[in-house]
Number of protein chains: 2
Amino acid sequence: MASADSRATEPRDTAPRGGELRWDIIELLFFAYRDFVGDADQELEAFGFGRAHHRVMHFVTRYPGLKVADLLDVLRITKQSLGRVLKQLLDEGYIVQKTGSNDRRQRLLFATPKGEALVTKLATLQTTRIDRALAGIDPSGTETVRRFLRAMIDRDDPDKVLETIFKNASAKE
Amino acid sequence: MASADSRATEPRDTAPRGGELRWDIIELLFFAYRDFVGDADQELEAFGFGRAHHRVMHFVTRYPGLKVADLLDVLRITKQSLGRVLKQLLDEGYIVQKTGSNDRRQRLLFATPKGEALVTKLATLQTTRIDRALAGIDPSGTETVRRFLRAMIDRDDPDKVLETIFKNASAKE
DNA sequence: AATTTATGTCAGCCATGTTGACGTTTCTAC
DNA sequence: GTAGAAACGTCAACATGGCTGACATAAATT
């Protein structure tokens with residue numbers, strides 16, 4: 001093995017054949033998302049839950065009556081993976097299911113007050129971070145951030161939740 | 001179990017005690033990041049690598065000469081977790097290590113051309129998505145997005161890489 | 001010379017993703 | 001009315017990538 005100097009580590013642009021690569025934004029997304037989800041992790045630990053539980057709880061709380069199949073589309077995991085965490089959340093009373101009245105095969109999912117309280121708590125933590133990040137950015141800048149994030153999302157084959165998000169977004173413009 | 005209607009699933013704002021919660025941005029971050037990392041996942045599969053390998057390769061390529069300890073700070077994982085993927089990357093010739101010339105205990109990490117090529121390929125995919133998202137956003141809007149993402153990141157106890165990122169950012173302003 | 005630091009490694013556990021197979025209930029189509 | 005498809009649940013096995021704890025070695029520091 002050769003030996004090398006251990007001095008400062010300046011970022012290096014690897015040959016940008018064609019257009020420039022967005023190294024900066026790629027890395028900012030990594031760190032921003034890491035700290036963003038980190039907010040919730042600490043709280044979740046106290047409940048014996050993980051990120052998987054949070055994701056399920058979040059979408060069920062926000063979109064009451066979501067079907068199991070919808071949730072699978074949103075989370076893009078298998079029903080076996082979902083089943084594992086969903087069972088715990090049902091058993092521990094964070095979520096309840098009701099049989100669909102049109103189609104009695106469906107299990108519609110609803111958060112209990114207990115579940116809602118947890119999701120709200122976690123969303124509050126994350127909102128604090130977002131508000132801090134948006135302090136000093138004016139309303140039009142905030143809308144720019146939203147537009148950027150929306151445009152980062154695949155629009156082919158949107159699931160039920162994404163449809164709602166995009167629909168509400170275009171309604172506001 | 002009760003039964004319920006399976007009609008449209010409108011997002012519901014749970015009681016916003018105090019300030020409004022940023023449900024929209026919370027969800028946009030989830031979906032944007034999901035699709036952003038999804039770009040790389042497909043390519044990685046062809047190499048038999050996972051996201052963990054990508055993160056290591058990325059930072060070693062971008063910050064040549066990074067020490068193992070630096071990488072642990074950046075990724076916030078244990079040395080055992082890092083060791084597992086790092087060993088594979090060394091064995092398969094994507095990364096080489098050189099003994100530090102100041103401190104011979106250190107192992108400074110460098111990407112090989114093969115490693116660089118892979119990282120560049122993955123960054124190109126992600127850049128395509130970012131460019132698409134920024135199309136129709138003017139340069140000042142792009143800077144707003146960068147400012148937002150930077151402000152989302154914890155600034156207490158920044159690691160070596162984050163220091164560099166923040167330093168370069170403030171230099172530009 | 002003793003201790004601390006940087007790194008590597010073994011062993012095992014946990015969370016959460018995967019595939020494949022199979023069963024039940026309920027709806028839909030013929 | 002019966003056959004098939006759809007929505008959901010579940011069992012078993014496996015992979016990835018986190019984790020802790022323990023221990024080893026080489027090189028720097030005191």
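# Two DNA strands and two protein chains

User: Which of the 24 residues around DNA strand D come nearest?

Analyst: In this predicted model, the residues that come nearest to DNA strand D are Lys79(A), Arg55(B), Thr78(B), Gln80(B) and Arg84(B), out of 24 around the strand. Of the atoms of DNA strand D that come within 4 Å of the protein, sugar and phosphate account for 56%.

User: What makes the approach of Ala69(A) to a phosphate oxygen of DNA strand D a polar contact?

Analyst: A polar backbone atom of Ala69(A) is 3.0 Å from a phosphate oxygen of DNA strand D, and because the limit for such a pair of N or O atoms is 3.5 Å, the pair counts as a polar contact. Two residues of chain B can be set against that limit as well: a polar backbone atom of Arg51(B) is 3.2 Å from a phosphate oxygen of the strand, while a backbone N or O atom of Arg104(B) lies 2.9 Å from a phosphate oxygen. Both distances fall within 3.5 Å, so these pairs are polar contacts too.

User: Which helices each supply at least two residues of the surface near DNA strand D?

Analyst: They are helix H3 (68-75) and H4 of chain A, together with H2 and H4 of chain B. The largest share, four residues, comes from H2(B), and by class the surface near DNA strand D has eleven charged, nine polar and four nonpolar residues.

User: Which residues come nearest to DNA strand C?

Analyst: Arg55(A), Ser81(A), Arg84(A), Lys79(B) and Arg105(B) come nearest, again out of 24 residues around the strand. Helices H2 (51-62) and H4 (79-91) of chain A, and helices H3 (68-75) and H4 (79-91) of chain B, each supply at least two residues of the surface near DNA strand C, with the largest share, four residues, coming from H2(A).

User: How do you know that the protein comes within 4 Å of bases of DNA strand C, and what share belongs to sugar or phosphate?

Analyst: Of the atoms of DNA strand C within 4 Å of the protein, 54% belong to sugar or phosphate, and the rest belong to bases. Particular side chains show both kinds of approach: an N or O atom in the side chain of Arg55(A) is 2.5 Å from a phosphate oxygen, whereas one in the side chain of Gln80(A) is 2.7 Å from a base oxygen, and one in the side chain of Arg84(A) is 2.5 Å from a base nitrogen. Set against the limit of 3.5 Å, each of these pairs therefore counts as a polar contact.

User: Why is the pair of Asp154(B) and Arg129(A) called a salt bridge?

Analyst: Side chains of opposite charge can pair when their charged atoms come close. The closest N and O atoms of Asp154(B) and Arg129(A) are 3.0 Å apart, which is within the 4 Å cut-off, so the pair is a salt bridge. The count between chain B and chain A is ten salt bridges, and 23 residue pairs are in polar contact across this interface. On the side of chain B that touches chain A, helix H1 (residues 23-47) of chain B gives the largest share, 14 residues.

User: How many residues are in contact between chain B and chain A, and how much area do the chains bury?

Analyst: In chain B, 91 residues are in contact with 91 residues of chain A. The two chains bury about 8800 Å² between them, with 63% of it on carbon and sulfur atoms.

User: Why is the pair of Phe31(A) and Phe59(B) called tilted?

Analyst: The ring centres are 5.7 Å apart and the planes stand at 55°; the centres are within 6.5 Å, and an angle neither under 30 degrees nor over 60 counts as tilted. Phe31(A) lies in helix H1 (residues 23-47) of chain A and Phe59(B) in helix H2 (residues 51-62) of chain B, so this pair joins two chains. Over all chains, the structure holds 13 aromatic pairs.

User: What makes the meeting of Arg51(A) and Asp41(A) a salt bridge?

Analyst: Their side chains meet at 2.7 Å, N to O, and since this is within 4 Å, the pair qualifies as a salt bridge. Arg51(A) is in helix H2 of chain A and Asp41(A) is in helix H1 of chain A, ten residues apart.

How values were computed: Residues numbered from 1 in each chain as written. Chains lettered and ligands numbered in written order. Predicted model: local features only at pLDDT ≥ 70, side-chain atom pairs only at ≥ 80, totals over all residues. Heavy atoms only, no water. Near = heavy atom within 4 Å. Polar contact = N/O pair within 3.5 Å; in protein donor to acceptor, adjacent residues only side chain to side chain. Contact = heavy atoms within 4.5 Å. Buried area = accessible area lost by both parts, 1.4 Å probe. Phe/Tyr/Trp six-rings, centres within 6.5 Å; stacked < 30°, edge-to-face > 60°. Nonpolar A, V, L, I, M, F, W, Y, C, P; charged D, E, K, R; others polar.
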